[in-house]
Amino acid sequence: MAREQRVEILAEMVANVIELVVEVGDAVAVGDTVILLESMKMEIPVISEHTGTVSALKVAAGDVVQEGDPLVELTF
């Protein structure tokens, strides 16, 4: 039996979290937007590079994130 794998989607820049597009338990495919960030008055969608299930949300709307901060955990 294969082991469940986990991967975290990380922030690529300093930004404000403006919307969580997914919830724990949601299925996510490659290319799906999982979070919307705002930086320098621009909306930046955070796109999943993996297919899996959201197992944890590491941020909330209104949070300020730094580059490299975990945003979403996926299992597959």
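## Briefing: an all-strand chain with two open sheets

R6 and E4 are both exposed, and their side chains meet in a salt bridge with an N to O distance of 3.5 Å. R6 has a second acidic partner in E73, with the closest N and O atoms 3.1 Å apart. Since R6 sits in strand 1 and E73 in strand 8, that pair ties together parts of the chain 67 residues apart in sequence. Keep in mind that this is a predicted model. The chain has 8 strands and 0 helices, and the strands make up two open sheets, one ordered 1-8-6-3 and the other 5-4-2-7.

**Overall build**

- Reading from the N terminus, the elements simply go β-β-β-β-β-β-β-β.
- The radius of gyration is 12 Å, which agrees with the value near 11 Å for a compact globule of 76 residues.
- Along the principal axes, the C-alpha trace spans about 45 × 20 × 15 Å.
- Buried residues make up 33% of the 76 in the chain.
- Take the contacts between residues at least 6 apart in sequence: 55% of them join residues at least 24 apart.
- About 4,800 Å² of surface is exposed, and carbon and sulfur atoms supply 52% of that.

**The 1-8-6-3 sheet**

- This open sheet has 4 strands, with antiparallel pairing.
- Strand 1 (6-10) and strand 3 (27-28) are the edges; each has a single partner strand, so one side of each is left without a neighbour in the sheet.
- Inside the order, strand 6 (residues 52-57) and strand 8 (residues 70-75) run antiparallel and are joined by 4 bridges.
- One of the residue pairings here is A56 with E73, its bridge partner in strand 8.
- E73 therefore turns up twice in this briefing: as the bridge partner of A56 and as a salt-bridge partner of R6.

**The 5-4-2-7 sheet**

- The other open sheet also has 4 strands and antiparallel pairing.
- Its edges are strand 5 and strand 7, each pairing on one side only.
- Strand 4 and strand 5 (residues 42-47) pair in the antiparallel sense over 6 bridges.
- Those two strands form a hairpin with 2 residues between them, and M40 in the turn has a positive phi of about 55°.
- Across the hairpin, L37 stands opposite I44 of strand 5, while S39 faces M42 of strand 5.

**A closer look at S39**

- S39 belongs to strand 4, which covers residues 33-39.
- Is S39 buried or exposed? Its relative accessible area is 15%, under the 20% cut-off, so S39 counts as buried.
- Leaving out neighbours within four places in sequence, S39 is in contact with M13, V14, A15 and I44.
- With V14 there is also a polar link: the side chain of S39 reaches the V14 backbone oxygen at 3.3 Å.
- Of the contacts of S39, I44 is also the residue that L37 stands opposite in strand 5.
- S39 and G52 are 13 residues apart along the chain, yet their C-alpha atoms are separated by 27 Å.

**Salt bridges**

- The structure holds 3 salt bridges.
- How do the two partners R6 and E73 stand, buried or exposed? R6 has a relative accessible area of 53% and is exposed, whereas E73, at 13%, counts as buried.
- E8 and K58 form another salt bridge through their side chains, at 3.5 Å from N to O.
- That E8–K58 pair also links distant parts of the chain: E8 is in strand 1, K58 is in the loop between strand 6 and strand 7 (64-65), and they are 50 residues apart.
- Both ends of this pair are partly exposed, E8 at 36% relative accessibility and K58 at 38%.
- Through shared partners, salt bridges join E4, R6 and E73 into one network.

Note on methods: Residues are numbered from 1 along each chain as its sequence is written. This is a predicted model: local features need pLDDT of at least 70, side-chain atom pairs count only at pLDDT 80 or more; totals for chains, interfaces and linings use all residues. Side-chain values use heavy atoms; hydrogens and water are left out. Two strands pair if DSSP finds at least two bridges between them. Buried means under 20% relative accessible area, exposed over 50%, partly exposed in between (1.4 Å probe, protein chains only). Contact means heavy atoms within 4.5 Å. A polar contact is a pair of N or O atoms within 3.5 Å; within protein, one must be able to donate a hydrogen and the other to accept it, and residues adjacent in sequence count only if both atoms are side-chain atoms. The radius of gyration is taken over C-alpha atoms; the globule rule is 2.2 Å times the number of residues to the power 0.38. Accessible areas come from the Shrake-Rupley method with a 1.4 Å probe; for residues, only the protein chains shown count as cover. A salt bridge is a side-chain nitrogen of Lys or Arg within 4 Å of a carboxyl oxygen of Asp or Glu.
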